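Work through these short exercises with the model open beside you. Try each task before reading its solution.

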Amino acid sequence: MTQDLTTSVRIQVQRGTTSSECKLTTFDVPYHSGMSLLDALIWVRANVDASLAIRYSCTNANTCKECLVRVDDKTVYACTYRLTEAGATVYPLKNKPLVADLVSDIIPPKEKLSHLLPD
Ligand code: FES
């Protein structure tokens, strides 16, 4: 099956860190039916801006839970969220500390290495 990659989809992504001003950046990404938001973000990193901070591990198995982001104020897994031609505006989780761009600190406090170190 060949896919028509002539259509593009526009995604807006919050960029920034806790020490810099966050702002939306727009990317036009080749679109094909059924593509995930993670597919689009990986394409941006590979083809437009390698500095875009995203996190994922299982790439579609929905097991690692590392790709959590917000779209339309709903928390979604980027690897299972299906883009439409309408595009999406993507933000990091709002209830977790921001690391950079779409990456939030999601490690439970008791699992952090610093928790194991003596005071
Ligand atoms: S990449 Fe693992 S749950 Fe999304």
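The exercises below go from the whole chain to one helix and then to one residue of this predicted model.

**Exercise 1. Lay out the fold.**
Task: State how many helices and strands the protein chain has, and in which pattern they follow along the sequence.

Solution:
- Step 1. Count the elements: two helices and seven strands.
- Step 2. Read along the sequence: the pattern is β-β-α-β-β-β-β-β-α.
- Step 3. Add the extent: the C-alpha atoms fill a box of roughly 60 × 30 × 25 Å along the principal axes.
- Step 4. Add the burial: 22% of the 119 residues count as buried.
- Step 5. Take contacts between residues at least 6 apart in sequence: 46% of them join residues at least 24 apart.

**Exercise 2. Place helix 1.**
Task: Find which residues of helix 1 are buried, and which strands they pack against.

Solution:
- Step 1. Helix 1 spans residues 37–47.
- Step 2. Its buried residues are L37, L38, D39, A40 and L41.
- Step 3. These residues pack against strand 1 (8–15), strand 2 (23–30), strand 3 (68–71) and strand 5 (88–91).

**Exercise 3. Examine L37.**
Task: Explain why L37 counts as buried, and list what L37 touches.

Solution:
- Step 1. Locate L37: it sits in helix 1.
- Step 2. Apply the cut-off, which is 20 or more other C-beta atoms within 10 Å. L37 is buried because 26 other C-beta atoms lie within 10 Å.
- Step 3. Leave out residues up to four places away in sequence; L37 then touches V71, A78, Y81, L83, A88 and V90.
- Step 4. Check I11 too: I11 and L37 are 26 residues apart in sequence, with their C-alpha atoms 8.9 Å apart in space.

How values were computed:
Residues are numbered from 1 along each chain as its sequence is written. This is a predicted model: local features need pLDDT of at least 70, side-chain atom pairs count only at pLDDT 80 or more; totals for chains, interfaces and linings use all residues. A residue is buried if 20 or more other C-beta atoms lie within 10 Å of its own, exposed if 12 or fewer, and partly exposed in between; C-beta atoms are placed from the backbone. Helices (H or I, at least four residues) and strands (E, at least two) are DSSP runs, numbered from the N terminus. Two residues are in contact if their C-beta atoms, placed from the backbone, lie within 7 Å.
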